[in-house]
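Colleague: Got the model open? I'd like to go through it with you, one bit at a time.

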Amino acid sequence: MSFFSKLFGKKVNTPKPVVERNMFNLQLDDIVTYDLEDYKVVGKISYDDHGFKWHAYQLEGVSRTIWLSVEMDDELYLGIYEKIKMKLQEPIPKKLEYDGTMYYLDESGSAKVTGIGRNQNINGMICGYYDYCDEEEEKFLSVEIWGSEIEVSAGYEIEQYELKIIASK
């Protein structure tokens, strides 16, 4: 440090250390590699159903946008979901058929949500949700009710080792 820096109290800028990422602290602009494709984290929705919490990260790739679902319930559950076109009306049925597979209602409820990035406009909203699975519990449907809009996504479970995370900052 030079004499003038000491005299005038020049601040030394030390960069903040990069925090190691995990499934619960992904940040906007982080890169997630899945199935040999890189996706950028562009949004996150956090759900809270009376203290039970889970997250969905919106991941944007070159050719598609997917959602990474992260839930801790005795063990870590990860899923990859993509929005699909399915016309539904309330009341939501107990079983649904999609793409030749029958899905059965597994759980439902409502959750208070917070969002960041592309999803920041939903802060404080209440989302109704309905989770379905097939008989083998290998394929899943997620139905979410956002006011008058009903969104449906199809997905499947993955393992943590299938993901690689590169922190953005």
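Colleague: Let's start with S153. Buried or exposed?
Modeller: Buried, going by this predicted model. S153 has 12% relative accessibility, and the cut-off for buried is under 20%, so S153 counts as buried.

Colleague: OK, and where is S153 found?
Modeller: In strand β10, which covers residues 149-158.

Colleague: Which residues does S153 touch, if you skip those up to four places away in sequence?
Modeller: There's a run from Y81 through E82 and K83 to I84, and then F140, L141 and S142.

Colleague: Switching to the nonpolar cores. How many residues are in the largest one, and which have the most contacts inside it?
Modeller: It has 15 residues, and the ones with the most contacts inside it are Y34, Y57, L59, L68, I158 and L163.

Colleague: Which elements give two or more residues to this core?
Modeller: That would be β1 (31-34), β2 (37-49), β3 (52-60), β4 (65-73) and β5 (75-84). The largest share is from β4, with 3 residues.

Colleague: You mentioned Y57. What is Y57 in contact with, leaving aside neighbours within four places?
Modeller: Quite a list: M23, F24, N25 and L26, then V41, G43 and K44, and also I66, W67, L68 and V70.

Colleague: And which residues are among those in the other core?
Modeller: That one lies apart from the largest core and has 14 residues, including Y47, Y129, C133 and F140. F140 is also one of the residues S153 touches.

Colleague: Now strand pairing. How does β7 pair with β2, and over how many bridges?
Modeller: β7, residues 101-117, pairs with β2 in the antiparallel sense, over 6 bridges. In β7, T114 stands opposite S46.

Colleague: What about β7 and β8?
Modeller: Antiparallel too, with 8 bridges between β7 and β8, the latter being residues 126-133. There, S108 has Y130 of β8 opposite.

Colleague: And β6 with β7?
Modeller: β6 is residues 95-98, and the antiparallel pairing with β7 runs over 4 bridges. Y98 is opposite T101 in β7.

Colleague: How many residues sit between the strands in that hairpin?
Modeller: There are 2, and D99 in this hairpin takes a positive phi near 55°.

Colleague: Last thing: what does UniProt place at residues 27-159?
Modeller: The unreviewed UniProt entry has "domain: DUF4178" there. In the model, that span is 0% helix and 69% strand, and its end C-alpha atoms lie 20 Å apart.

Notes: Residues numbered from 1 in each chain as written. Predicted model: local features only at pLDDT ≥ 70, side-chain atom pairs only at ≥ 80, totals over all residues. Heavy atoms only, no water. Buried < 20%, exposed > 50% of the residue type's maximum accessible area, 1.4 Å probe, protein only. Contact = heavy atoms within 4.5 Å. Core = buried A, V, L, I, M, F, W, Y, C linked by side-chain atoms within 4.5 Å. Pairing = 2+ DSSP bridges. UniProt positions renumbered as here; feature names shortened; annotations may be inferred.
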